[in-house]
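Ready for a little practice? Have a look at the model below, then work through the exercises at your own pace.

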Amino acid sequence: MWKPIIFAFLIVVTGAAAAMSHDVRDPATLQKPLIQDLLTESLKSTEGLEVVVSHVALPPNLTLPMHWHPGEEFAYILQGSVTLILDGEGEQEAFSGDVGIVPLKKVHTARSGDEGATILVFRVHEEGQPGRVLVSN
């Protein structure tokens, strides 16, 4: 019972340490999103699943295209603010220190605030699947 909890804790600590030591410009100076995968690792406790930890920097007032993930997504806002827009569910604003969750295959987008945003993203999905799938309008 403790092995999955300890493994998840180690992944979170590793991702947080990598994000904090990661050299990224101030998101307010960016012209386009900067997404860097810090860790991709198969889950030992569950065959066929992997976790991906990404450092995401969004310039100010940017709206990402509508998309979904072939897994669950958990986002910790390191800096700035972001509005998560889940299809059919409205908007959820998140600020530095907040955590957001996107359910499996839920169509959504995100919009950064006036100062941009820096986000540590954890995704758990089937191995070999794309990180996101764009939705055509």
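Three short exercises follow, each with a worked solution.

This is a predicted model, in which local features need pLDDT of at least 70, side-chain atom pairs count only at pLDDT 80 or more, and totals for chains, interfaces and linings use all residues. Residues are numbered from 1 along each chain as its sequence is written, and side-chain values use heavy atoms, with hydrogens and water left out.

**Exercise 1.** List the secondary structure elements from the N terminus on.

*Solution.* Start with the definition: helices (H or I, at least four residues) and strands (E, at least two) are DSSP runs, numbered from the N terminus. Counting them gives one helix and eight strands. Their order is α-β-β-β-β-β-β-β-β.

**Exercise 2.** Find the residues of the largest nonpolar core.

*Solution.* Look for buried (under 20% relative accessible area, 1.4 Å probe, protein chains only) residues. Keep Ala, Val, Leu, Ile, Met, Phe, Trp, Tyr and Cys joined through side-chain atoms within 4.5 Å. The result has 11 residues: Val56, Leu58, Leu64, Ala75, Ile77, Val82, Ala94, Ala110, Ala117, Ile119 and Val121. Next, sort by strand: β2 (49-58), β4 (71-86) and β7 (108-126) each supply at least two of them. With four residues, β7 gives the most.

**Exercise 3.** Is Thr118 buried or exposed?

*Solution.* First, place Thr118 in strand β7. Its relative accessibility is 6%, so Thr118 counts as buried. Then check contacts (heavy atoms within 4.5 Å). Beyond neighbours within four places in sequence, Thr118 touches several residues, including Pro27, His55, Tyr76 and Gln79.

Methods
Buried means under 20% relative accessible area, exposed over 50%, partly exposed in between (1.4 Å probe, protein chains only).
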